[in-house]
Amino acid sequence: MSLLVLSGSVRKDSFHTKLARAAADVLQTQAIPHTVLNLADYPLPIYDGDVEAQGLPDFARTLRKRFSEHAGFIIANPEYNGSVTPLLKNVLDWVSRKDEASKHHEPYANKTALLISTSPGSLAGQRALRHTREILTSLGTLVLPQHVAVPNAFQAFSLEGLLIDEKQSQILKTQIDALWRLTSKLAA
Ligand SMILES: Cc1cc2nc3c(=O)[nH]c(=O)nc-3n(C[C@H](O)[C@H](O)[C@H](O)COP(=O)(O)O)c2cc1C
């Protein structure tokens, strides 16, 4: 049983990639098996039924398999105009598609998820989390009721990309523990 950690931004200095790394550090410390996924390694076209009709892109099939191999997700979820980033939505959409070769993989149903966000503002990107929660819920994923939202991103991370505020680190750890407990119960 293992968790998949991913960031909805592939920007070089992405705060969400830093937040995903902070989550991975907690998983490492807690000896929780996990994989960190870099979406930049899986470039996909914007979903289009005509593209799909020509055959599922290899990266879509590979990502679907990656999701399927994990029991839960930690998604660092940036907010664009109050909602989910096109990158993340596109990945979630492609992964929901299947072909003959990938139909036995189950990427979403009966999985768990913890949503984490940050933003330069004081709302910490929380509005986007509601949308991602709805998307994942509609796909059959059990999303943890609590989330982690780190405000004031420019001040929140050290030069090394670590979370500065001990309280935020503790909240992240608490919610990751909760995610792992839920994931373990679901698998029992
Ligand atoms: C198109 C666009 C829309 C944005 N909308 C919001 C927003 O609604 N709320 C917010 O807090 N930040 C918003 N931001 C700022 C992002 O939170 C900020 O760019 C953040 O650093 C993105 O995450 P990243 O650092 O992981 O790339 C927006 C940024 C972009 C590019």
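Here is a short conversation about helix α5 and the salt bridges of a predicted model.

Visitor: Which conventions apply to side-chain atom pairs here?

Guide: Residues are numbered from 1 along each chain as its sequence is written, and side-chain values use heavy atoms, with hydrogens and water left out. As the model is predicted, local features need pLDDT of at least 70 and totals for chains, interfaces and linings use all residues, while side-chain atom pairs count only at pLDDT 80 or more.

Visitor: How many Å does helix α5 reach from its first C-alpha to its last?

Guide: Helices (H or I, at least four residues) and strands (E, at least two) are DSSP runs, numbered from the N terminus. Helix α5 covers residues 126-138, which is 13 residues. The expected span, 1.5 Å times one less than the number of residues, is 18 Å for α5. The model comes close to that, with a reach of 19 Å.

Visitor: Where do the buried residues of α5 lie around the axis?

Guide: Buried means under 20% relative accessible area, exposed over 50%, and partly exposed in between (1.4 Å probe, protein chains only). In α5, the buried residues are Ala 128, Leu 129, Thr 132, Ile 135 and Leu 136. Because they cover an arc of only 125°, taken from the directions from the helix axis to the C-beta atoms, they lie on the same side of α5.

Visitor: Which exposed residues does the face turned away from the buried side carry?

Guide: This face of α5 points away from the buried side. Its exposed residues are Glu 134 and Ser 138.

Visitor: Which residue with a positive phi follows α5?

Guide: Just past the helix, phi is near 95°. The residue with this positive value is Gly 140.

Visitor: Which residue forms a salt bridge with Arg 127, and in which strand is it?

Guide: A salt bridge needs a side-chain nitrogen of Lys or Arg within 4 Å of a carboxyl oxygen of Asp or Glu. For Arg 127, the closest N and O atoms are 2.9 Å apart. The pair links distant parts of the chain, 48 residues apart, with Arg 127 in helix α5. The partner is Glu 79, in strand β4 (residues 79-80).

Visitor: What separates Arg 21 and Asp 25 along helix α1?

Guide: Their side chains meet in a salt bridge at 3.9 Å, N to O. Arg 21 is partly exposed at 43% relative accessible area, and Asp 25 is partly exposed at 31%. Because they are 4 residues apart in α1 (residues 15-29), the separation is about one helical turn.
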